[in-house]
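Please look through the sequence and the structure shown here before reading on. The notes that follow go through the sheets, then some of the helices, and then two single residues.

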Amino acid sequence: MKKILIANRGEIARRIIRTCERLGIETVAIHSEADGDLPYVSEATQAVLIGPNPVVQSYLQIDKIIEEAKKHGVDAIHPGYGLLSENAGFARRVAEAGMVFIGPSSDIIEKMGDKIESRRTMIKASVPVVPGTEEGVTTLEEALQEAEAIGYPLMLKASAGGGGIGMVRCESEQALTQQFVSVKNRAKAYFGDDVVYLEKFIADARHIEVQIFGDHHGNLVHLYERNCSVQRRNQKVIEESPSPNLPQDVRERLCEAALQAGKAVNYTNAGTVEFIVDPDNNFYFLEMNTRLQVEHPVTEEVTGLDLVEWQLTVADGGELPSQDSIQTKGHAIEYRVYAEDPKTFFPSPGKLEKLQWGEGARIETGYEEGNQVTPFYDPMISKIIIRGTDRIDALSKSQTFFNHVTITGVKTNIPLFKEFIRSEEFISGDYATAVLPQWMEKIKEEHTL
């Protein structure tokens, strides 16, 4: 491949450009009117204005993206994450246009994008799944009947959902009755599909995912696991690897189950198999993300590998190294810095009047000082990835780093990080997905954020 188009924006576009530049691959960046001044636009070999600010008029314009890719003579398209990255129709259109889609095939994306279908596939492959419905539930009456068999509390989820959207916990029959129609409507609005299903809620669970990679020569490997249990509104904000307090035998079984999941669909390119792990270390398949993850730098820091380079290698027909050659060293933690109120998590768009980072961290950001964080897109400013010889070292470096960060012009969640990473709940490493909201409730009266 000599030239690729990046069908994305901001931080991940910049990240892909960096690897391509090192490999001598030209890049074509697309951008909306609002993003014209962002760094990735000038760092790409070429840049194209794709449309107005709303994503439906710019970054989701499949016809326009394909047209520009043809016009610029690109060999492949990298979708990044979010936006069109898990859109099977887009992957299919890229292939039909004679270009390589840098990711799994459209068939795999389609199969794993349907959460009900993916559950059925994993059951057939003997991968443990959370107890729940194997078909979509269409009426409230049907949902209530299924819920009685599953038991409360439970999760009501959109089959086509992702990123925590279209997902709600129901503690009782009354809660399910109140939420059923609104979740179906939200699923239709966000994903164009109102099919929902039910899953048993696993109390005090950890969210642990395994990075997998497959090539077109039949090779499938894992790159170990990441703990993604620090979440707000079911969305990850801190991820780390290795997962603290995880017995080695459980880690090995998780990685083996992830490979089992990948083999069940002949997986190619980068993918992530997500699990929830209960207090007794029983684990259950949650979903498979058929793309590069936001938190992929955590894995890069402990393995010393470049996952974007691996994606390009696989897409270009190359072969992956053996499982035995993939080792981990040290500990890495990623913090997602958002332009948002740390108390309410409401977005805080505005101009980054000052953007000063601390030392000793890998900083993946789509912005520079003076740029505007607009209300049109996800308000993530950057990802801070800190590596240490072990977890204690990584935490110590994290505390030092955040003491030297200055961001003005917008509110950020950095004050939350500065306090949370000093809490016993986080330092212990013995935390579940409810840790952040529970900790925030505990400190509410102190008004420290």
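In what order do the 8 strands of the open sheet lie, and is their pairing parallel or antiparallel? The order is 13-12-9-10-11-14-19-17, and the pairing is antiparallel. This is a predicted model, in which local features need pLDDT of at least 70 and side-chain atom pairs count only at pLDDT 80 or more, while totals for chains, interfaces and linings use all residues. Residues are numbered from 1 along each chain as its sequence is written, and side-chain values use heavy atoms, with hydrogens and water left out.

**The antiparallel sheet**

- The edge strands of this sheet are strand 13 (283-289) and strand 17 (362-365), each of which pairs on one side only; strands are DSSP runs of E with at least two residues, helices are runs of H or I with at least four, and both are numbered from the N terminus.
- Two strands count as paired if DSSP finds at least two bridges between them, and strand 9 (residues 206-214) is joined to the antiparallel strand 12 (residues 269-277) by 9 bridges.
- Within strand 12, Asn269 is the residue that stands opposite Gly214.
- Helix 11 (residues 307-315) lies across strand 9, strand 10 and strand 12, and runs at about 40° to strand 9, where axes are lines fitted to C-alpha atoms, for helices over the stretch in contact, and angles run from 0 to 180 degrees between N-to-C directions.
- Helix 15 also packs on the sheet, where it touches strand 10 and strand 11, and its direction makes about 25° with that of strand 10.

**The two sides of helix 15**

- In helix 15 (residues 435-443), the residues Val435, Leu436, Trp439, Met440 and Ile443 are buried, a word that means under 20% relative accessible area, whereas exposed means over 50% and partly exposed lies in between (1.4 Å probe, protein chains only).
- Seen down the axis of helix 15, these buried residues fall within an arc of 125°, so they line one face of the helix; the arc is that of the directions from the helix axis to the C-beta atoms.
- An α-helix has 3.6 residues a turn, so residues three or four places apart point the same way.
- Gln438, Glu441 and Lys442 are exposed residues on the face of helix 15 turned away from its buried side.
- The cover over the buried residues of helix 15 includes strand 10 (220-232), strand 11 (235-241), helix 13 (414-420) and helix 14 (424-427).

**The parallel sheet and Thr27**

- A further open sheet is formed by 5 strands in the order 3-2-1-4-5, with parallel pairing, and its edge strands are strand 3 (46-51) and strand 5 (100-101).
- Strand 2 and strand 3 run parallel and are joined by 5 bridges, and in strand 3 the bridge partner of His31 is Leu49.
- Thr27, which is in strand 2 (residues 26-32), is buried, with a relative accessible area of 2%.
- Leaving aside neighbours within four places in sequence, Thr27 has contacts (heavy atoms within 4.5 Å) that include Ile4, Ile6, Ile17 and Cys20.

**Leu352 in its loop**

- Leu352 is placed in the loop between strand 15 (350-351) and strand 16 (354-356), and Leu352 is buried, with a relative accessible area of 0%.
- Not counting residues up to four places away in sequence, Leu352 touches Tyr367, Val373, Ile381 and Ile407, among others.
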